[in-house]
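Hi,

Here's the structure I said I'd pass on. Have a look through it, then read my notes underneath.

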Amino acid sequence: MLGRIIVFLCATSTIVGCGLEEGAPSVVLSNEQLKVKVYLADAVEGYYTGPRFDWSGMVASVEYGGQVFFGEWKRRDSPNATDNVVGTAGEFGMTAPLGYDDASVGSYFYKIGVGRLQKLNNEPYSFAKNYSVEGLPWKTEVGIKWIRFTQELPVENGWGYVYTQQIHLEEELPVFTITYNLKNTGSKRIRTDHYCHNFVVINGDVPGPDLSLSFNFDVSENDSIKDIAVFEGNKLKFLKELPLGVPLAKDIVFEEDERTIKFAVENSEAAVGLEVAANFDVEMLKFYALGKAVCVEPFFRLNLLPGEEKSWTSTYEFYGVDD
C-alpha cells in the first residue's frame, strides 16, 4: 500500500488545502501569528518522493509579519530527485541506511521516513544516488494547530520501526515545535543519525549582506568562506551576494558543553528573523548555503536496542528585528 491515510481531528474549515488545491497535497496550520504550509507525504502526488529525505513534516512556507520564510531555494525539476526538498526537510542515515551493507544487489535496504530502497551495486551507499523507491504508507492526523505523521516498517530481515513526526504551533506565539519519535520494533539494533537540513529562505531573496546568522557560541575569528561570507565570533556575515551555483560549506566546531545548539537567521531589510533551538545533544553541526537557502544542520545520533524508543525536538521561533 503506497497511499496515505488522513484523519482530520478538527473542523476542516480551519485547514486550507487538505490536498485538494492545485499542486502537491498540503495543509495549512495557523495560529494568531503564523500561517504554516506543510506538504503531505504521498507516494503518488507528493511534493517529494525521492530516496534521500524524510517524506513527512516538510514545512513548505511560513507567513509571519507580512514576510515569507522557506519556499523553494532552487529550481525543482522532479519530485523524485534526491534533493528537491524545501524548508524543514530532514534525513535519517545520511551515510548508512538500515541494512545496506548486508543487502545483496537488487534486494532492499531501508531508509527511515522513506521506505524500501533497492541496492544498485556493491559500491558504498551514497545519498546522491537515485535508488529505486518503494514508499511505505503514512498515517496523517491533522488538528487546528498541529499535524502528525506516522510510518511503520513491519519487521523484515530483522529490521522494524515505528516513526512519528509532529508539528505543533503554540497557542498565541510565533513558534512551532517539531517532535520526532523513533521506536525499534525489530530484532536488530538500530544505529543511525538524523538531522534537519533547515533550508532557510526569507522572501525568496538570495543570501547577501542583508542576511546574517548567529549562534549561541563563538565559531571562530575571521574565518572566511570563498571570500563570500565570514565568521566573526558567534556570527556569520555575507560580504556579498551568493553567486548562482556556488555552494558554501563548513563543519562547525563547538565545545562538548555547547551541544544544545541555537542559531538565528536574520534579514535586516525585511526586519525579521528565525531562531532554531535543537533541544537534544548535537553530535555534529554543518553549515551550507546554495541558491536562495542558508542551512544549519544539527545531527542527532540514535542507538536503539530492540524495543527501545527515543524522542527529540526542535523549536522554531519567528521574531521582528529592531532597527
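Below is what turned up, starting with confidence and then moving on to cysteines and the core.

First, some housekeeping: this is a predicted model, where local features need pLDDT of at least 70, side-chain atom pairs count only at pLDDT 80 or more, and totals for chains, interfaces and linings use all residues. Residues are numbered from 1 along each chain as its sequence is written, and side-chain values use heavy atoms, with hydrogens and water left out.

The chain's mean pLDDT (the predictor's confidence in each residue, from 0 to 100) is 91, with 92% of residues at 70 or more. Over residues 10-21 it's below 50, though that stretch still has 22 contacts (heavy atoms within 4.5 Å) beyond near neighbours in sequence.

Now the cysteines. The whole structure has 0 disulfides (pairs of cysteine sulfur atoms within 2.5 Å). For C196, the nearest cysteine sulfur belongs to C295, 9.3 Å away. C196 is buried (under 20% relative accessible area; exposed is over 50%, partly exposed in between, with a 1.4 Å probe and protein chains only) at 5%. C295 is buried too, at 0%.

Finally, the largest nonpolar core (buried Ala, Val, Leu, Ile, Met, Phe, Trp, Tyr and Cys residues joined through side-chain atoms within 4.5 Å) has 98 residues, and F176, L182, F215, F238 and F318 touch the most other members. Strand β24 (residues 293-304) gives the most to this core, 8 residues; strands are DSSP E runs of at least two residues, numbered from the N terminus. Leaving out residues up to four places away in sequence, F318 touches several residues, including L34, Y64, F70 and F176.

Cheers

Methods: Helices (H or I, at least four residues) and strands (E, at least two) are DSSP runs, numbered from the N terminus.
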